[in-house]
Amino acid sequence: MQHRVRAVLLTPNNTMLLIKRIRPGIDPYCVIVGGKIEPTDASPEDAVRREVREEMAGEAEIVRVLHTIETSDERQDFYLATIEKWSFEDRTGPEFSQEGRGEYLLEEIPLTADALDAVNLLPQEIAAVLRNAVERGELLAAR
């Protein structure tokens, strides 16, 4: 089973950082920062921090596990995390230099239901979880 980790990154501006994917023949969509746990990662939390360093050139402070999505062949743990500084231009993840992967753009959206509804965030299950968390004030409280 593939194990992935994702970081729901909350900023000091009460926004969330997402990556917008633009690929030929597919409607643009957004994803949460993250990826596979590597054998060199000491823990899932270590993998989250590494992914944030690679994809955002920033340091994440993990708050807690927010949600887990599990299928027959994959598990994704979504961590609620804060980030103070980042530099998307300085990202180093290997996927950014692979030919044919399309574009990766930084999206910074307000922590509101309307802002979440305005982006095509995948997977849809995490979009619903985040929308509920925003409506309950959980994300602002985590900041």
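The following paragraphs describe strand pairing, nonpolar cores, salt bridges and selected residue contacts in a predicted model.

Strand S2, which spans residues 15-22, is mostly covered, with six of its eight residues buried. Three pairings involve this strand, each of them in the antiparallel sense. With S1, the strand of residues 2-10, S2 pairs over two bridges, and within this arrangement leucine 10 stands opposite methionine 16 of S2. The hairpin formed by S1 and S2 has four residues between the strands, and asparagine 14 adopts a positive phi near 55° there. With strand S3 (residues 29-31), S2 pairs over three bridges, and isoleucine 19 is placed opposite valine 31 of S3. Six residues lie between the strands in the hairpin of S2 and S3, where glycine 25 takes a positive phi near 80°. With strand S7 (residues 103-110), the antiparallel pairing of S2 extends over eight bridges, and leucine 17 stands opposite glutamate 108 of S7. As a general point, side chains in a regular strand alternate between the two faces of the sheet.

Threonine 15, a residue of strand S2, illustrates how side-chain contacts accompany these pairings. At 10% relative accessibility, threonine 15 counts as buried, because the limit for that class is under 20%. Its side chain makes a polar contact with the side chain of threonine 11 at 2.4 Å, and a further polar contact, at 2.7 Å, links the side chain of threonine 15 with that of glutamate 108. When neighbours within four places in sequence are left aside, threonine 15 is in contact with Leu9, Leu10, Glu108, Ile109, Pro110 and Leu111. Glutamate 108 therefore appears both among these contacts of threonine 15 and as the residue of S7 that stands opposite leucine 17.The largest nonpolar core has 22 residues, and those with the most contacts inside it are Leu121 and Leu130. The elements that give two or more residues to this core are S1, S2, strand S5 (60-70), S6, H2 and H3, with H3 giving the most, namely five residues. Leucine 121 touches Leu18, Cys30, Val31, Ile32, Leu116, Ile126, Ala127 and Leu130, residues up to four places away in sequence not being counted. Apart from this core lies another, of 17 residues, which includes Val5, Ala7, Leu17 and Val33.

A search of the whole structure finds 11 salt bridges. In one of them the side chains of glutamate 74 and arginine 4 meet, with an N to O distance of 2.5 Å. Glutamate 74 lies in strand S6 (residues 74-83) and arginine 4 in strand S1 (residues 2-10), so that this pair ties together parts that are 70 residues apart in sequence. Glutamate 74 itself counts as partly exposed, at 21% relative accessibility.

In another salt bridge, arginine 50 is joined to aspartate 41, with the closest N and O atoms 2.8 Å apart, and both arginine 50 and aspartate 41 are buried. The side chains of arginine 131 and aspartate 117 likewise meet in a salt bridge, at 2.8 Å from N to O. Since arginine 131 belongs to helix H3 (residues 124-135) and aspartate 117 to helix H2 (residues 113-117), the pair ties together parts that are 14 residues apart in sequence. Arginine 131 is partly exposed, with a relative accessible area of 26%, and aspartate 117 is also partly exposed, with a relative accessible area of 46%. Salt bridges that share partners, moreover, join Asp41, Arg50, Glu51 and Glu54 into one network.

Glutamine 2 lies in strand S1 and is partly exposed, with a relative accessible area of 32%. Not counting residues up to four places away in sequence, glutamine 2 touches Lys36, Asp73, Glu74 and Arg75; of these, Glu74 is the residue that meets arginine 4 in a salt bridge. The C-alpha atoms of glutamine 2 and isoleucine 37, which are 35 residues apart along the chain, are separated by 8.3 Å.

Methods
Residues are numbered from 1 along each chain as its sequence is written. Side-chain values use heavy atoms; hydrogens and water are left out. A salt bridge is a side-chain nitrogen of Lys or Arg within 4 Å of a carboxyl oxygen of Asp or Glu. Buried means under 20% relative accessible area, exposed over 50%, partly exposed in between (1.4 Å probe, protein chains only). A polar contact is a pair of N or O atoms within 3.5 Å; within protein, one must be able to donate a hydrogen and the other to accept it, and residues adjacent in sequence count only if both atoms are side-chain atoms. Contact means heavy atoms within 4.5 Å. A nonpolar core is a set of buried Ala, Val, Leu, Ile, Met, Phe, Trp, Tyr and Cys residues joined through side-chain atoms within 4.5 Å. Two strands pair if DSSP finds at least two bridges between them.
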